[in-house]
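Biologist: I have a model on my screen and some labels I want to question. Can we go through them?

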Amino acid sequence: MRAMNSNESHLTNPEENINYIAALDIGSNKISLSIGQTLDGRFDALLGVVHHQCHGITSGRVTNLEAVTSTIRKLVVEAHEIIGFDVTEVYVGITDPEIAVHRNTAMVAVAGDSITDADIADVLEAAETAMPLRENEAILHVIPEQFLVNGHPVGDPVGRSGVRVDVETTVLTVPRVSILNVERVCRAAGLQVRDIFFSPLGTLEAVTHPRQRQLGVLLLDIGAGTTDVVMMEGDRLRYCDVVPIGGLSFTESLAGGLRCLREEAETIKVKCGMASPAYLENPGKTVDSRLLCGCAPVTYSQVSHILESRISEILHIALNRLHYAGIQLTAPHSIVITGGTAQLTGLRAFIQELIELPVEVGHANLPVGMFDLARQPVFSSAVGLVMYAAAHDDGRPSRMDVRVTDSKNSNVFKKLADFFGGFFD
Ligand SMILES: Nc1ncnc2c1ncn2[C@@H]1O[C@H](COP(=O)(O)OP(=O)(O)OP(=O)(O)O)[C@@H](O)[C@H]1O
Ligand SMILES: [Mg+2]
């Protein structure tokens, strides 16, 4: 178990309108539980993240209910012991290789003199209800892209006068069983699910800036079992995809190619891996024999060749699908890579050379210094989820029941200070 925390100085006056948010990021390698603080309905601070490896998830999907439940239970206990929060309700972030993107429109007549929040809720509900679904398909998000009042596009329709309001939406769906399984494991672990999000949406908000999203940005969250692909342009979601391959396939290929154990291959990948042999200064150099426990000598070049072929495979699939969806990547678009596998040495340069657009490694937009551990790409989605949940929470306190435990705030802050910076290895 590992944890990381912010420190006390960033936390706000308890008399202000403070609320707490807990989010579970269900990844193929690890499950993270992150706790955030909102102030006046906006994300204010990250209070901590606890996480555990879990082998009950395959390509983003819960496949072993018991293993996932027991990992979540452990995380809840640790959130209580380490961060001082009694978590009873969570937002959950998932990815799924069968994520589907639909466009849909809906319209409602305006009852009063001007358009109200209730009219907006009605028109979004109409878009959700009218969405034709396949059997076993469930709606994950209904994202409003454009509102029209009396047929004219407007930014924010609330307060305007009109007789009808239309909405153009992007609807994201996943197999119903994916949602049911998430609800099952959370319930079995004693948690209520407040909402389920497509986690790359949170990651995108956490690691990119509004200007990038306006100009067009492609996010690649390269995790262990999936590569999540999301593109935003002009502040609209243009594309979502989940390629069911990630860094785990690199490890498996290394283990097969080098004839070593998976654990050894994982260490070699992280310590000696380079995205392409072209970037090696000394390709013939051999990997430290202590990492291989008696296997034949292995060169950095051999390791790198295997990694390059796996990376090329993922990029080939992701970019081909993007192409077939009719999306051209051209300036001023940019690319952001994040997730644990984005930490592979040379990967950023490799992708930049291949795509010929600026590529950066995405870190959660948190203050530098205070949150360096949580800014690692491996935690982008865990942090992104609390930020996204804060932004999309309607602020009704009764719906979020993350309670400060008996240890009370002062103790929480002390624990945060105690653990800050020293707990993560
Ligand atoms: N320095 C590194 N170099 C290469 N790979 C790394 C490095 N650090 C972590 N990884 C890889 O990152 C992966 C874990 O990433 P991450 O935690 O983002 O995945 P996840 O969210 O659990 O899974 P997913 O999002 O695919 O469902 C592992 O395969 C791990 O080997
Ligand atoms: Mg992930």
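Modeller: Start with contacts: two residues are in contact if their C-beta atoms, placed from the backbone, lie within 7 Å. Leaving aside neighbours within four places in sequence, Ala-79 is in contact with Leu-33, Ile-35, Val-50, Phe-85 and Val-87. Keep in mind that this is a predicted model.

Biologist: What is the mean pLDDT of the protein?

Modeller: The mean is 87, and 88% of the residues reach 70 or more. pLDDT is the predictor's confidence in each residue, from 0 to 100. Two stretches deserve caution. Residues 5-12 stay under 50, with 29 contacts beyond four places in sequence in the model. Over residues 396-425 the pLDDT is also below 50, and that stretch has 60 contacts beyond near neighbours in sequence.

Biologist: Why be careful where pLDDT is low?

Modeller: Where pLDDT is low, the predicted coordinates should not be read in detail.

Biologist: Back to Ala-79. Which residues have the most contacts inside the largest nonpolar core?

Modeller: Ala-79, Val-383 and Val-386 do, in a core of 101 residues. Helix 10, residues 380-391, gives the most to this core, with eight residues. A second, separate core has 10 residues, including Ala-106, Val-108, Ala-127 and Val-165.

Biologist: Why are helix 4 and helix 10 called roughly perpendicular?

Modeller: Helix 4 (residues 199-207) packs on helix 10 at an angle of about 90°. The cut-off for roughly perpendicular is 65 to 115 degrees. Helix 4 and helix 10 are therefore roughly perpendicular to each other. Their axes are 7 Å apart. The helix 4 side of the packing includes Leu-201, Gly-202 and Val-207, and the helix 10 side includes Val-383, Gly-384 and Tyr-388.

Biologist: Why does Ser-59 count as buried?

Modeller: Buried takes 20 or more other C-beta atoms within 10 Å. Ser-59 has 20 C-beta neighbours inside 10 Å, so Ser-59 counts as buried. Ser-59 lies in the loop between strand 5 (57-58) and strand 6 (61-62). Its phi is near 45°, a positive value in a residue other than glycine.

Biologist: And Asn-136: why is that residue counted as exposed?

Modeller: Exposed means 12 or fewer. Asn-136 has 12 C-beta neighbours inside 10 Å, so Asn-136 counts as exposed. Asn-136 sits in the loop between helix 2 and strand 10. Phi of Asn-136 is near 65°, a positive value in a residue other than glycine.

Biologist: Why point out a positive phi or a cis bond?

Modeller: Most residues other than glycine have a negative phi, and most peptide bonds are trans.

Biologist: What makes the bond from Ala-331 to Pro-332 worth a look?

Modeller: The peptide bond from Ala-331 to Pro-332 is cis, with omega near 10°. Pro-332 is found in the loop between helix 8 (300-324) and strand 17.

Biologist: Now the sheets. What makes strand 9 and strand 11 edge strands?

Modeller: Each pairs on one side only. They belong to an open sheet of four strands in the order 9-12-10-11, with antiparallel pairing. The twist averages 40° from one strand to the next.

Biologist: How do you know that strand 9 and strand 12 pair?

Modeller: Pairing takes at least two bridges. Strand 9 and strand 12 (residues 164-175) are joined by 10 bridges and run antiparallel. Thr-105 stands opposite Glu-168 in strand 12. Strand 10 and strand 12 pair over 11 bridges, also antiparallel. There, Phe-147 has Val-167 as its bridge partner.

Biologist: What joins strand 10 to strand 11?

Modeller: Three bridges do, and the strands run antiparallel. The bridge partner of Leu-148 is Pro-153 in strand 11. Two residues lie between the strands of this hairpin, where Asn-150 takes a positive phi near 50°.

Biologist: Which strands does helix 2 lie across?

Modeller: Helix 2 (residues 117-129) lies across strand 9, strand 10 and strand 12, at about 130° to strand 9. Helix 3 (residues 176-188) lies across strand 10 and strand 12, at about 75° to strand 12.

Biologist: What is the strand order in the sheet of five strands?

Modeller: The order is 16-15-14-17-18, in an open sheet with mixed pairing. Its edge strands are strand 16 and strand 18, each pairing on one side only. Strand 17 and strand 18 pair in the parallel sense over three bridges. Ile-335 has Val-359 in strand 18 as its bridge partner. Helix 9 (residues 347-355) packs on the sheet, touching strand 17 and strand 18.

Definitions and conventions: Residues numbered from 1 in each chain as written. Chains lettered and ligands numbered in written order. Predicted model: local features only at pLDDT ≥ 70, side-chain atom pairs only at ≥ 80, totals over all residues. Axes fitted to C-alpha atoms, helices over the stretch in contact; angles between N-to-C directions. Core = buried A, V, L, I, M, F, W, Y, C linked by C-beta atoms within 7 Å. Parallel < 35°, antiparallel > 145°, perpendicular 65-115°, else oblique.
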